[in-house]
Amino acid sequence: MFRNQYDNDISTWSPQGRLHQIEYALEAVKQGSASVGLRSSTHVVLLALKRSSGELASHQQKLFRIDNHVGIAIAGLVSDARVLSNFMRTECMKSKMMYDRPMPGSRLVSLIGDKAQINTQNYGRRPYGVGLLVGSYDEDTGPHLYECLPNANCLEYYAISIGAKSQSAKTYLEKFVKDFAEADEDTLIMHGLHALRETLQQDKELDVNNCSIGVVGKDKDWKTIEGDDLKRYLDQLETGAATTETGAAAEELPQGEAMDTE
């Protein structure tokens, strides 16, 4: 009823106490292709589903390296993500130049929240239409996984998914979250692939073109896994699915029991 009257700019409240442009930005995140993040006691793994505008076009980049100890996965407007990733890289360089130490993940996320909040208070601006999953490893406090949204909310998680059909991935993550803390890197990646597969349409499959994986952890700088390096994990995923379908013991597989997606 009031939406058309109160959604012209970010600084106008509706009578219901809502800022509609922020809600529109959150909807842009929900419509973006899914990203999944999960962490163990030693590593953080980020996975992203990449979209292509057509058969003749390349797939969009969904994972960005920020520093040796920080990387992000996105859902929403890629152009906004590039702006924020450049800002994060600048802040990391400032920390190294001024304090001779890597930027702590919690501090970096706080800066992103402050930057997003400014756009919700000034007339003539718009919120960033992108959600970020930030994975970092700090020498003092270990691995961390954060979610940053256009409304400037920044929360830490053990596992999280954002983007289209992210609830299906969250259901998988909630089912196996107790296994993540002691999981090794490969097992954590397999859990992430299974969660990401839950967000696909039923006629789609993960392949080396539409999927990316990023890993950072103890004694391991940020690394993006794509192409041939990714293929071995996808082969394990397919082998595990085939084994489960034939009735073999699912508990032997790192991904746990197969999920019903119907």
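The following legends describe close-up views of a predicted model.

**View 1. The open five-stranded sheet and its two edges.** In this predicted model, five strands form an open sheet in the order β3-β4-β5-β6-β7, and their pairing is antiparallel. Strands β3 (63-67) and β7 (154-156) stand at the edges, and because each has a single partner strand, one side of each is left without a neighbour in the sheet. From one strand to the next, the twist averages 25°.

**View 2. Strand β4 and its pairing with β3 and β5.** Strand β4 covers residues 70-76 and runs antiparallel to β3, to which it is joined by four bridges. The connection between β3 and β4 is a hairpin that passes through two residues, and within this pairing F64 has I72 of β4 as its bridge partner. Strand β4 also pairs with β5, again in the antiparallel sense, over seven bridges; here V70 is matched with S136, its bridge partner in β5. Strand β4 is mostly covered, with six of its seven residues buried.

**View 3. Helices α3 and α4 against the sheet.** Helix α3, which spans residues 78-99, lies across β3, β4 and β5 (130-138), and its direction runs at about 15° to β3. Helix α4, formed by residues 105-118, packs on the sheet as well, touching β3, β4, β5, β6 (142-148) and β7, while its direction makes about 10° with that of β6.

**View 4. A nonpolar surface patch that includes M98.** The residues M97, M98 and Y99 form a nonpolar patch on the surface, and together they have about 440 Å² of accessible area. M98 belongs to helix α3, and this residue is exposed, its relative accessible area being 60%.

**View 5. Two loop residues with positive phi.** Most residues other than glycine have a negative phi. A152, although not a glycine, has a positive phi of about 75°; this residue is found in the loop between β6 and β7, where it counts as buried because its relative accessibility of 17% is under the 20% limit. D219 is another residue other than glycine with a positive phi, in this case near 60°, and its place is the loop between β9 (211-217) and β10 (220-225). With a relative accessibility of 75%, D219 counts as exposed.

**View 6. The salt bridge between R39 and E156.** Nine salt bridges are found in a search of the whole structure, and one of them joins R39 to E156, with the closest N and O atoms 3.9 Å apart. R39 lies in strand β1 (residues 35-39) and E156 lies in strand β7, so the pair ties together parts that are 117 residues apart in sequence. The R39 residue is buried, with a relative accessible area of 16%, whereas E156 is partly exposed at 39%. Strand β7, which holds E156, is also one of the two strands at the edges of the open sheet.

**View 7. The salt bridge between E23 and R18.** E23 and R18 form a salt bridge in which the closest N and O atoms are 2.8 Å apart. Both ends of this pair are described by their accessibility: E23 is partly exposed, with a relative accessible area of 26%, and R18 counts as partly exposed at a relative accessibility of 32%.

**View 8. Helix α7, with the K231 and D235 pair and T239.** K231 forms a salt bridge with D235, the closest N and O atoms of the pair being 3.3 Å apart. Both residues lie in helix α7, where they are four residues apart, about one turn of the helix. K231 is partly exposed, with a relative accessible area of 43%, and D235 counts as partly exposed as well, at 38% relative accessibility. T239 also has its place in helix α7, which covers residues 228-245, and is partly exposed, with a relative accessible area of 49%. The C-alpha atoms of T239 and H144 are separated by 31 Å, the two residues being 95 residues apart along the chain.

Definitions and conventions. Residues numbered from 1 in each chain as written. Predicted model: local features only at pLDDT ≥ 70, side-chain atom pairs only at ≥ 80, totals over all residues. Heavy atoms only, no water. Pairing = 2+ DSSP bridges. Axes fitted to C-alpha atoms, helices over the stretch in contact; angles between N-to-C directions. Contact = heavy atoms within 4.5 Å. Patch = residues over 30% accessible without salt bridge, like charges linked within 9 Å, V, L, I, M, F, W, Y side chains within 5 Å. Areas by Shrake-Rupley, 256 points an atom, 1.4 Å probe, with all protein chains shown as cover. Salt bridge = Lys/Arg side-chain N within 4 Å of Asp/Glu carboxyl O. Buried < 20%, exposed > 50% of the residue type's maximum accessible area, 1.4 Å probe, protein only.
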